[in-house]
Amino acid sequence: MNMIAQDRPLRIGMVCYPTYGGSGVVATELGKGLAERGHSVHFISNTQPARLDAFRENLYFHEVSMVHYPLFEHSPYVLALTGKMVEVAREQQLDLFHVHYAIPHATAAHLAKEILVGQGKRIRVVTTLHGTDITLVGKDPNYAPVVSFAIQQSDVVTAVSEYLREETLRFFDCRKDVQVIPNFVDLQRFKPFARAGLRERFCLPDHRLLIHVSNFRRVKRIDRVLEWYRAITNSIPASLLMVGDGPELPKAEQTVKEWGMQGRVHFVCKQDLVEELCAVSDLMLLPSETESFGLAALESMACGVPVMASDAGGLPELIGDGINGLLVSEDGQMRGVQRAIEILSNAELLQQYRNAALHRASQYNITHILPRYESLYTSL
Ligand code: GMT
């Protein structure tokens with residue numbers, strides 16, 4: 001166990017979605033890092049988060065069980081979560097809740113805190129905003145006042161990019177400072193290590209290998225991934241790896257059939273070892289409509305793979321256009337494709353981009369970012 005900076009280890013209730021990608025991954029990796037530094041981290045979620053190994057020292061998982069009753073058309077998850085948070089806080093003597101993604105976690109945290117105060121127990125709440133909890137779903141008129149209120153009630157609010165911080169302050173009645181703590185990557189895991197024979201399974205020796213990793217929601221613009229790929233392959237031989245699963249997957253598979261691209265476009269669903277797939281690729285495609293941070297882009301860059309992304313949201317904070325990747329504006333689609341072709345057809349230039357992407361990713365090493373959360377907790 002590593003030394004920890006403050007007087008005593010903290011007991012943290014970590015609340016997140018258990019799914020692949022995004023906020024759940026950030027919460028899980030943060031929890032694992034904190035546990036290694038001696039803190040006790042109690043994950044509270046409806047299923048065990050994808051990357052969590054709850055048998056590690058200082059890491060625990062508490063499942064939220066849903067109550068089903070014929071009167072409920074939809075079981076009220078927020079109440080079941082709140083109840084579980086109260087129970088875990090009392091039994092484990094938690095110091096704080098760190099909730100990831102505002103909806104409904106920040107609301108549950110506020111309720112749990114009030115219940116605990118009524119029982120004579122004080123607890124702090126840190127809310128981390130991740131993306132669509134502010135930029136999309138959170139703005140829905142049905143949710144917006146609740147999100148505003150929950151943010152207000154948190155002791156500390158963080159956002160994963162400057163863009164997200166500004167969006168929060170712009171849209172919500174937020175009389176609170178929002179601190180930016182960017183996402184991070186584990187460079188021991190995401191690194192330019194190519195597993196022998198893996199690339200050959202997806203492309204011919206003279207092909208470039210492109211990759212897209214996401215949860216295939218509309219915001220990821222999967223149709224544009226395929227359009228970029230098709231435009232690139234008009235000029236250079238290339239294959240495409242589509243990693244992930246989600247609502248847009250069937251449509252994408254259909255498009256690939258209609259465009260006769262089977263055999264060159266590989267759908268591999270969700271993968272635990274996404275770093276191995278990134279590491280054998282040449283360019284990641286991420287044309288999202290918006291992306292508060294773009295964790296998939298960071299993980300790809302850490303593997304030495306530059307990213308071609310939309311010039312939107314927080315992506316320009318991570319990707320330097322023409323330096324370590326490409327940023328494509330709405331009206332510059334063809335120019336973006338042209339630049340990608342230039343890079344992919346020039347081995348020396350591609351290597352420069354690879355090196356620059358690696359260098360950029362090293363600035364987001366988990367070892368730099370994790371202590372920022374730790375000192376935020378202790379400041380409470
Ligand atoms: O907000 C979402 O779309 C979901 C969220 C998640 O929980 O999966 O993804 C967001 O959080 C990630 C982790 O902080 C960011 O890297 C993603 O950019 C962000 N997604 C969007 O903003 C679309």
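**Close-up views of a ligand site and two helices**

**View 1. Polar contacts of the ligand.** In this predicted model, the side chain of Arg 217 places an N or O atom 2.8 Å from an oxygen atom of the ligand. The side chain of Thr 132 likewise has an N or O atom 2.5 Å from a ligand oxygen. At Ser 292 the partner is a polar backbone atom, which lies 2.8 Å from an oxygen atom of the ligand. On its own the ligand has 480 Å² of accessible area, of which the protein covers 94%.

**View 2. The shell around the ligand.** The ligand is surrounded by 17 residues, and the closest are Ser 23, His 130, Thr 132, Glu 291 and Ser 292. By type, the shell comprises five nonpolar, 10 polar and two charged residues.

**View 3. Helix H2 and its cover.** Helix H2 is formed by residues 77-92, 16 in number, and extends 22 Å from its first C-alpha to its last, close to the 22 Å expected at 1.5 Å a residue. Its buried residues include Tyr 77, Leu 81, Met 85 and Val 88. Among the elements that cover the buried residues of H2 are strands S1 (11-15), S2 (40-45), S3 (59-63) and S4 (96-100), together with helix H3 (102-118). After H2 comes Gln 93, with a positive phi near 55 degrees.

**View 4. Helix H7 within the structure.** The end C-alpha atoms of helix H7 (residues 222-233) are 17 Å apart, which agrees with the 16 Å that its 12 residues should span at 1.5 Å a residue. Nine of these 12 residues are buried, so H7 is largely enclosed by the rest of the structure. Among the buried residues are Arg 224, Trp 228, Tyr 229 and Thr 233.

Definitions and conventions
Residues are numbered from 1 along each chain as its sequence is written. This is a predicted model: local features need pLDDT of at least 70, side-chain atom pairs count only at pLDDT 80 or more; totals for chains, interfaces and linings use all residues. Side-chain values use heavy atoms; hydrogens and water are left out. Helices (H or I, at least four residues) and strands (E, at least two) are DSSP runs, numbered from the N terminus. The expected span of a helix is 1.5 Å times one less than its number of residues. Buried means under 20% relative accessible area, exposed over 50%, partly exposed in between (1.4 Å probe, protein chains only). Contact means heavy atoms within 4.5 Å. A residue is near a molecule or strand if one of its heavy atoms lies within 4 Å of it. A polar contact is a pair of N or O atoms within 3.5 Å; within protein, one must be able to donate a hydrogen and the other to accept it, and residues adjacent in sequence count only if both atoms are side-chain atoms. Accessible areas come from the Shrake-Rupley method with a 1.4 Å probe; for residues, only the protein chains shown count as cover. Ala, Val, Leu, Ile, Met, Phe, Trp, Tyr, Cys and Pro count as nonpolar, Asp, Glu, Lys and Arg as charged, and the others, Gly among them, as polar.
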